[in-house]
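Good morning, and thank you for the time on today's agenda. I would ask everyone to keep the structure in view while I speak.

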Amino acid sequence: MKYTSEILINESISEVIKKYSSAANLKHWQAGLVSTEHISGNPSEIGATMRLIFNFGKRKMEIIETVTKQDFPNELHLTYTTNGVRNIQENYFKVLENNTTKWISKTECQPTSFKMSVMLFLMPGLFKKQTETYMNNFKNFVEQGTSIC
């Protein structure tokens with residue numbers, strides 16, 4: 001399953017990238033995030049990996065994030081791997097007029113289990129909705145300093 005999400009952020013691209021590339025800021029806009037742990041490589045550089053632990057009610061999820069392309073301030077591509085699914089995310093950042101940045105996120109969800117294949121088939125909008133929620137949370141964090149934690 002593939003989808004694209006976009007959002008306009010009323011802030012300079014340098015400020016957007018500064019806040020986006022900081023692991024310490026993830027808790028402010030990624031709901032359910034409990035902890036992060038740097039595993040290998042230089043953060044935000046190609047090949048770097050990080051462990052993300054999420055808690056969604058009674059369900060705990062461990063995700064491994066791998067940087068697959070980094071061309072700041074224009075692009076950051078990541079792969080997220082967890083039980084049952086691999087998400088490939090290509091993030092593009094574009095400068096617009098009036099100190100505004102456009103964030104475009106192209107996502108491909110690849111099921112790695114039968115259960116996740118069924119879930120993607122039955123509820124494809126669930127993944128896109130979560131991506132758009134995170135993007136809106138990030139926009140609010142950058143523009144207004146609003147944290148979800």
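I will speak about the pockets, then the aromatic rings, and finally two individual residues. Please bear in mind throughout that this is a predicted model.

Let me begin with the pockets. The largest pocket has a volume of about 950 Å³. Its lining comprises 34 residues, and those closest to the centre are M61, I63, N87, F127 and Q130. Which elements give two or more residues to this lining? They are strand 3 (49-56), strand 4 (59-71), strand 5 (75-82), strand 6 (85-96), strand 7 (100-111), helix 2 (114-122) and helix 3 (124-144). Helix 3 gives the most, with seven residues. As to the chemical character of the lining of the largest pocket, 17 residues are nonpolar, 12 are polar and five are charged.

The second largest pocket holds about 280 Å³ of space. Twenty residues line this pocket, and S21, A23, S44, M50 and E65 lie nearest its centre. Two or more lining residues come from each of strand 2 (33-40), strand 3, strand 4 and strand 5. By class, the lining of the second largest pocket is made up of 11 nonpolar, seven polar and two charged residues.

I now turn to the aromatic rings. How many aromatic pairs does the structure hold? There are nine aromatic pairs. One of them joins Y20 and W103 in an edge-to-face arrangement, with 5.2 Å from centre to centre and 75° between the planes. Because Y20 belongs to helix 1 (residues 13-20) and W103 to strand 7, this pair ties together parts that are 83 residues apart in sequence. Are these two residues buried or exposed? Y20 has a relative accessible area of 7% and is therefore buried. W103, at 2% relative accessibility, also counts as buried.

A further pair is formed by W29 and F138. Their ring centres are 4.9 Å apart and their planes stand at 65°, so this pair is edge-to-face. W29 is located in the loop between helix 1 and strand 2, while F138 is in helix 3, so the pair ties together parts that are 109 residues apart in sequence. Both W29 and F138 are buried.

These four residues also appear in a wider arrangement: ring pairs link Y20, W29, F93, W103 and F138 into a cluster. Another ring, that of F141, has K19 lying over its face, at 5.3 Å from the ring centre.

Finally, I would draw attention to two individual residues. E108 is found in strand 7, and its relative accessible area is 25%, so E108 is partly exposed. Although E108 and K2 are 106 residues apart in sequence, their C-alpha atoms are 4.3 Å apart in space. Which residues are in contact with E108, leaving aside its neighbours within four places in sequence? They are M1, K2, R86, N87 and I88. Of these, N87 was named earlier among the residues closest to the centre of the largest pocket.

The other residue is G41, in the loop between strand 2 and strand 3. G41 has a relative accessible area of 44% and is therefore partly exposed. Between the C-alpha atoms of G41 and T66, which are 25 residues apart along the chain, the separation is 9.7 Å.

That concludes my presentation, and I thank you for your attention.

Definitions and conventions
Residues are numbered from 1 along each chain as its sequence is written. This is a predicted model: local features need pLDDT of at least 70, side-chain atom pairs count only at pLDDT 80 or more; totals for chains, interfaces and linings use all residues. Side-chain values use heavy atoms; hydrogens and water are left out. On a 1 Å grid over the protein atoms alone, a cavity is a set of points where a 1.4 Å probe fits but cannot get out, and a pocket is an open set with protein on both sides within 12 Å along at least five of seven lines; lining residues have an atom within 4 Å of a point. Grid points are joined across faces, edges and corners, and a volume is the space filled by probe spheres set on the points. Helices (H or I, at least four residues) and strands (E, at least two) are DSSP runs, numbered from the N terminus. Ala, Val, Leu, Ile, Met, Phe, Trp, Tyr, Cys and Pro count as nonpolar, Asp, Glu, Lys and Arg as charged, and the others, Gly among them, as polar. Rings of Phe, Tyr and Trp (its six-membered ring) pair if their centres lie within 6.5 Å; planes under 30 degrees apart count as stacked, over 60 as edge-to-face and the rest as tilted. Buried means under 20% relative accessible area, exposed over 50%, partly exposed in between (1.4 Å probe, protein chains only). A charge sits over a ring if NZ of Lys or CZ of Arg is within 6 Å of the ring centre and within 35 degrees of the ring normal. Contact means heavy atoms within 4.5 Å.
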